[in-house]
Amino acid sequence: MKAGFLEKLIGRLGRIGPEEVQNYFLRLAQEKGFLETVFNAIQEGIIVTDSNGRITYLNAAACQLFGIESENAIGKRLDERVRGLDWEALTQSGGPVSRDMEIFYPQNRFINFYIVPLVIEPRTSEDKIDISSEEVGHAMILRDITESRRTERQTIESERLNALTLLAAGVAHEIGNPLNSLNIHLQLIERQARKLDGPARAELQESIDIARAEISRLDSIVTQFLRAIRPTRPQMHPENINAVVEDAVRFFASEIKDRDVVVEQELRSDLPLLQLDRDQMKQAFYNVIKNSLEAVERRGILRIRTDMDESHVLVSFTDTGGGISAENLSRIFEPYFTTKTTGTGLGLLIVRRIVREHGGELSIESSEGKGLTLTIRLPYIDKRVRMLEAGDSERAAVTRKSAADSILSSGFL
């Protein structure tokens, strides 16, 4: 419809016949249906409300984001259908508003709300009476920004690791050399201790053993710290992930027997070969299995399962240990954070670094007292990256504004 069509139609209502009115409304219905088809094809969510915040239209993307059905939402207040939404705060400014929000149903996502008031502009009637502008509702453009948030978080983590890498180089040099010197002098003291007799020799040997154990512990911490954050380029080769899992389990065979732990393996036989650095991936599995064995009690269970979806091979480790509280789960990848009395807090940091260098993802599900499941997703489909040209973000902003303008003129209100 051309601009001003509705105003002209309203002005001529008293001079046109019933058939012509019917034709006009058929045209309006056709264009409304066309615009609904277009908006349902848009990936961004669109919601239109009246001046009281009641939903008058929402497209398929908006329904999917909030887990609601269009039929049950039309005519209802938006803040009733989306619990926790502060409608007054979003609309009180009287102008366009952009806010980022976190939603938890049906999935945990971050959403950007771009809200525009819908205003009927002032016009002059045939009697030359000025009619003031009126706010008749709001149009909301919703974008899922979960991935960009995740990328931002990964960037921050990367910068943090870069800082730790610089620190590690200094720590390794400043601590490594004194540790070597201490170890040499302990050997000299031990030789002198052998010349002693009786309780004095035993007491001195005990002190030497304690000092040597502490030196070994410090050396292990420095080594693991460097291994956790030092960038290493994986040497990729086609590998059978099931064979890597079996090697890792075999390495802990004696410890599994001593702890009386049951390890159940459910390894899918038709998995594709993956491009892996076998040694690095085995190291990742070592750390995960070691954590699980330390978490479960005697006669506990560790289930290891491999599977695949349309793009990734999945390796999951589920134990019957004590699990992790929600508070600690959010800190589990922080360097040196550990819930174990003798842990270094670097094992999972190493696992995540290795998985990411293989283009994979790592997720953990746990609740206190109910065990833990760690899942590693490794891609088996080669993904390509398309660089966006400068100006794409500006074009997207123009598209959102055009969509809002179209809503205003579409007759959805």
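In this predicted model, helix H9 and helix H11 meet through two sets of residues: Ile241, Ala243, Val244, Val245, Asp247, Ala248, Val249 and Phe251 on the H9 side, and Arg278, Met281, Lys282, Phe285, Tyr286 and Ile289 on the H11 side. Both helices also touch a mixed open sheet, with H9 packing on E9, E11, E12 and E14 and H11 lying across E11, E12 and E14. A further open sheet of five strands, E2-E1-E7-E4-E3, is paired in the antiparallel sense.

**The helix pair H9 and H11**

- Two packed helices are described by the angle between their axes and the distance between the axes.
- For H9 (residues 241–251) and H11, the angle is about 50 degrees and the axes are 9 Å apart.
- Angles from 35 to 65 degrees fall between the roughly parallel and the roughly perpendicular classes, and H9 and H11 are therefore oblique to each other.
- The crossing in which H9 passes H11 is right-handed.

**Helix H11 on its own**

- H11 covers residues 278–295, and its 18 residues should span 26 Å at 1.5 Å a residue; the C-alpha atoms at its two ends are 26 Å apart, in agreement with that expectation.
- The buried residues of H11 are Gln280, Met281, Lys282, Ala284, Phe285, Tyr286, Asn287, Val288, Ile289, Ser292 and Leu293.
- Among these buried residues are Met281, Lys282, Phe285, Tyr286 and Ile289, which also belong to the H11 side of the contact with H9.
- An α-helix has 3.6 residues a turn, so residues three or four places apart point the same way.

**The mixed sheet beside the helices**

- The strands of this open sheet, five in number, follow the order E9-E11-E12-E14-E13, and their pairing is mixed.
- At the edges stand E9 and strand E13 (361–366), each of which pairs on one side only.
- From one strand to the next, the twist averages 15 degrees.
- H9 packs on this sheet, and the direction of the helix makes about 170 degrees with that of E9.
- H11, which lies across E11, E12 and E14, runs at about 25 degrees to E12.
- E13 and strand E14 (residues 372–379) are joined by six bridges in the antiparallel sense, and within this pairing Ile376 in E14 is the bridge partner of Leu362.

**Val313 in strand E12**

- Val313 is located in strand E12 (residues 312–319), and its relative accessibility of 0% is why it counts as buried.
- Leaving aside neighbours within four places in sequence, Val313 is in contact with Ile241, Leu271, Pro272, Leu274, Asp307, Met308, Ile376, Arg377, Leu378 and Tyr380.
- One of these contacts, Ile241, is also among the H9 residues that meet H11, while another, Ile376, is the bridge partner of Leu362.
- Leu273 lies 40 residues from Val313 along the chain, and the C-alpha atoms of the two residues are separated by 9.6 Å.

**The antiparallel sheet**

- The open sheet with the order E2-E1-E7-E4-E3 has antiparallel pairing throughout its description.
- Strand E2 (55–58) and E3 are the edge strands, and because each has a single partner strand, one side of each is left without a neighbour in the sheet.
- The twist here averages 25 degrees from one strand to the next.
- Strand E3 (residues 97–103) and strand E4 (residues 109–120) pair over seven antiparallel bridges and form a hairpin with five residues between them; within this pair, Met101 stands opposite Ile111 in E4.
- E4 is also joined to strand E7 (residues 134–144) by ten bridges, again in the antiparallel sense.
- Across the pairing of E4 with E7, Tyr114 stands opposite Ile141, and the bridge partner of Pro117 is His138 in E7.

**Two loop residues with positive phi**

- Most residues other than glycine have a negative phi, and most peptide bonds are trans.
- Asp260, which is not a glycine, has a positive phi of about 60 degrees; this residue is in the loop between helix H10 (253–259) and strand E9 (262–267), and its relative accessible area of 31% makes it partly exposed.
- Arg299, also a residue other than glycine, has a positive phi near 65 degrees; its place is in the loop between H11 and strand E11 (301–308), and it counts as exposed at 68% relative accessibility.

How values were computed: Residues are numbered from 1 along each chain as its sequence is written. This is a predicted model: local features need pLDDT of at least 70, side-chain atom pairs count only at pLDDT 80 or more; totals for chains, interfaces and linings use all residues. Side-chain values use heavy atoms; hydrogens and water are left out. Helices (H or I, at least four residues) and strands (E, at least two) are DSSP runs, numbered from the N terminus. The expected span of a helix is 1.5 Å times one less than its number of residues. Buried means under 20% relative accessible area, exposed over 50%, partly exposed in between (1.4 Å probe, protein chains only). Two strands pair if DSSP finds at least two bridges between them. Axes are lines fitted to C-alpha atoms, for helices over the stretch in contact, and angles run from 0 to 180 degrees between N-to-C directions. Angles under 35 degrees count as roughly parallel, over 145 as roughly antiparallel, 65 to 115 as roughly perpendicular and the rest as oblique. A crossing is left-handed if the near helix is turned anticlockwise from the far one by less than a right angle, and right-handed if clockwise. Contact means heavy atoms within 4.5 Å.
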